[in-house]
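This report introduces a protein model to a reader who has not met it before. Please look over the sequence and the structure before reading on.

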Amino acid sequence: MEKISVSFKNNTEIKTDNAYAPLVQRLLEYKKSPCTGFHIPGHNRGNAILNSFREVIGHDALLVDTTDEFDNLGTLHPASGAIKEAMDLAAACYNSRRTFFITSGSTISNLALAFGVISPDDEIIVARNSHRSVLTGTILTGSKPSWLMPKKLNDWAIYGSICPDDLEDKLKNNKKVKFVWVTNPTYEGVVSDIKTISAICRKYNVPLIVDEAHGSLWNFHDELPETALNLGADAVVHSLHKTGGAMTQASMLHIGKNSCLDEAKIEHALKLLHTTSPSVLLLASLDAARANLSSSQGYNLIQNAIENARFFRKRASMIEGVSVLGENSNIKTDVTKIFLKIKGLTGKRLESVLELDFNIEIESASDEGILILSNIGNTRAEFEYLLAAISKIAKDDYPDLSHLENVKFMPLTEPDVVMSPREAYFSNKIRVKKEDAIGKISAEVIALCPPGISVLLPGEIIKADHIPYLSDYSEIEVINN
Ligand SMILES: Cc1ncc(COP(=O)(O)O)c(C=O)c1O
């Protein structure tokens with residue numbers, strides 16, 4: 001196989017076989033010469049499955065739908081065989097000390113980190129815009145989060161970056177803090193100064209965990225932001241299935257090169273939380289994504305995604321009434337995540353016009369704008385079509401609809417917290433009408449997905465400000481006292 005040389009951001013010149021993927025290779029061999037199997041899954045390589053389902057996913061996918069431990073593929077827990085080789089290659093690519101493959105999304109990566117390293121009653125600093133899985137981690141462990149508020153980008157109705165000084169103030173004032181947990185980038189692509197944040201954490205001797213779910217491409221291209229793995233983070237989570245080209249639910253959990261975390265504890269937590277029947281298809285898709293991204297082909301795909309994003313951003317922001325986050329401002333964003341708004345339309349309305357009139361589906365919509373991803377799989381022609389649609393919508397008269405205006409997305413309020421998430425979650429609760437919940441203590445996590453950031457935390461006092469953001473709820477679970 002041809003050897004190529006790929007230069008990653010950590011300045012290590014890694015020699016890699018072009019797209020060598022051991023687990024994919026092993027599955028290919030298995031597909032060509034399968035054994036006679038008497039084990040799960042019971043459909044036995046697609047022999048016993050609904051025909052229409054076979055038609056949907058194709059017989060080849062069923063031929064290789066198996067789990068670890070069978071067919072000489074190796075095992076996930078403990079890591080062995082081709083699965084271990086694939087994880088080691090990923091660790092080398094991402095500059096980590098150890099990389100774990102996860103088949104249940106970054107949700108499980110975050111839970112394993114919480115369960116693996118955080119103890120009951122630990123005081124931790126958590127960014128308020130964290131995904132609900134981080135919050136679930138605090139419920140599981142019983143830790144006590146102090147919420148770090150990112151900047152509020154009020155014109156866009158979203159959270160922005162984390163101010164390193166705010167973190168330092170918190171660490172200065174509370175010597176008992178055991179961990180700092182931040183999300184970077186934000187869902188809409190806003191990037192924080194992780195280099196400074198990491199230096200502050202080191203100064204106070206507190207480990208840093210970075211949920212970099214949306215940054216799995218970063219280590220493969222100089223024009224993308226720096227991954228926290230190269231900036232001293234102790235653990236980093238990557239949702240390869242989001243932008244890295246892996247199949248849905250496939251994620252990686254990395255332990256930093258010089259991490260002070262005990263990786264045996266994290267591995268143990270993973271064993272407890274992870275499925276005991278990991279899909280080899282998902283594991284192989286992680287191996288394939290890593291091999292693809294680190295090959296010259298992957299580099300070209302990322303380059304195209306960046307160029308397409310630049311092409312679209314520049315032209316879209318020149319259309320009257322259209323604004324693009326990060327263009328004409330000093331807000332730092334990942335160029336491939338394009339948050340856009342059109343004057344006079346809510347994001348939700350814009351999303352529905354794109355869908356109904358142009359058959360275009362975007363990543364998500366909020367009060368103010370829509371999120372468009374320039375993926376490694378998108379073409380320039382697709383972006384030209386999107387640009388034409390945005391231009392037409394901005395010029396034509398598309399009045400907003402009042403019922404859509406009522407859908408509120410994310411309150412940027414400082415949470416008024418009176419008990420720990422775990423204490424609140426396990427308290428005696430009752431359901432009350434949301435209007436009657438004002439002044440009471442929330443007992444549940446309410447988070448709209450995407451982006452999965454909680455509107456209400458368990459243990460937080462419910463205020464009138466929250467109510468417009470709870471349009472999907474008629475009742476809320478509150479503490480019964
Ligand atoms: C920042 C962040 N972390 C974690 C997750 C959870 O990832 P998954 O859906 O892969 O479980 C998400 C999902 O949207 C996310 O946005």
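## Confidence of the model

The model is predicted, and its pLDDT averages 93 over the protein. A pLDDT of at least 70 is reached by 95% of the residues. Residues 1-5, by contrast, have a pLDDT below 50. In the model this stretch nevertheless has twelve contacts beyond near neighbours in sequence. Where pLDDT is low, the predicted coordinates should not be read in detail.

## Domains

The domain assignment divides the protein into domain 1 (57-294), domain 2 (297-405) and domain 3 (421-479). Between the C-alpha centres of domain 2 and domain 3 the distance is 32 Å.

## Surroundings of the ligand

The ligand is surrounded by 15 residues, of which the closest are Gly-105, Ser-106, Thr-107, His-131 and Ala-213. Helix 5 (residues 105-117) supplies the largest share of this shell, namely four residues. By character, the shell around the ligand consists of ten polar residues, four nonpolar residues and one charged residue.

The position of the ligand can also be described in terms of the domains. The ligand lies between domain 1 (57-294) and domain 3 (421-479), because both of these domains give residues to the shell around it.

## Nonpolar core and helix 1

The largest nonpolar core comprises 128 residues. Within this core, the residues with the most contacts are Leu-23, Ala-90, Trp-181, Ala-233, Leu-283 and Leu-286. For Ala-233, the contacts outside its neighbours within four places in sequence are Ile-194, Ser-198, Leu-208, Ile-209, Val-210, Ala-228 and Gly-256.

Leu-23 is also one of the buried residues of helix 1 (residues 22-32), together with Pro-22, Val-24, Arg-26 and Leu-27. Among the elements that cover the buried residues of helix 1 are helix 4 (81-94) and helix 11 (280-293).

## Ser-192

Ser-192 is found in the loop that runs between strand 8 (177-183) and helix 8 (194-203). A residue counts as buried if 20 or more other C-beta atoms lie within 10 Å of its own. Ser-192 has 25 C-beta neighbours inside 10 Å and therefore counts as buried.

Once its neighbours within four places in sequence are left aside, Ser-192 is in contact with Ser-161, Ile-162, Val-182, Asn-184 and Ile-197. Ala-443 is separated from Ser-192 by 251 residues in sequence and, from C-alpha to C-alpha, by 31 Å in space.

Note on methods
Residues numbered from 1 in each chain as written. Predicted model: local features only at pLDDT ≥ 70, side-chain atom pairs only at ≥ 80, totals over all residues. Near = placed C-beta within 6 Å. Helix = DSSP H or I, 4+ residues; strand = E, 2+ residues; numbered from the N terminus. Nonpolar A, V, L, I, M, F, W, Y, C, P; charged D, E, K, R; others polar. Domains from an automatic or database assignment. Core = buried A, V, L, I, M, F, W, Y, C linked by C-beta atoms within 7 Å. Buried ≥ 20, exposed ≤ 12 C-beta atoms within 10 Å, placed from the backbone. Contact = placed C-beta atoms within 7 Å. pLDDT = per-residue confidence, 0-100.
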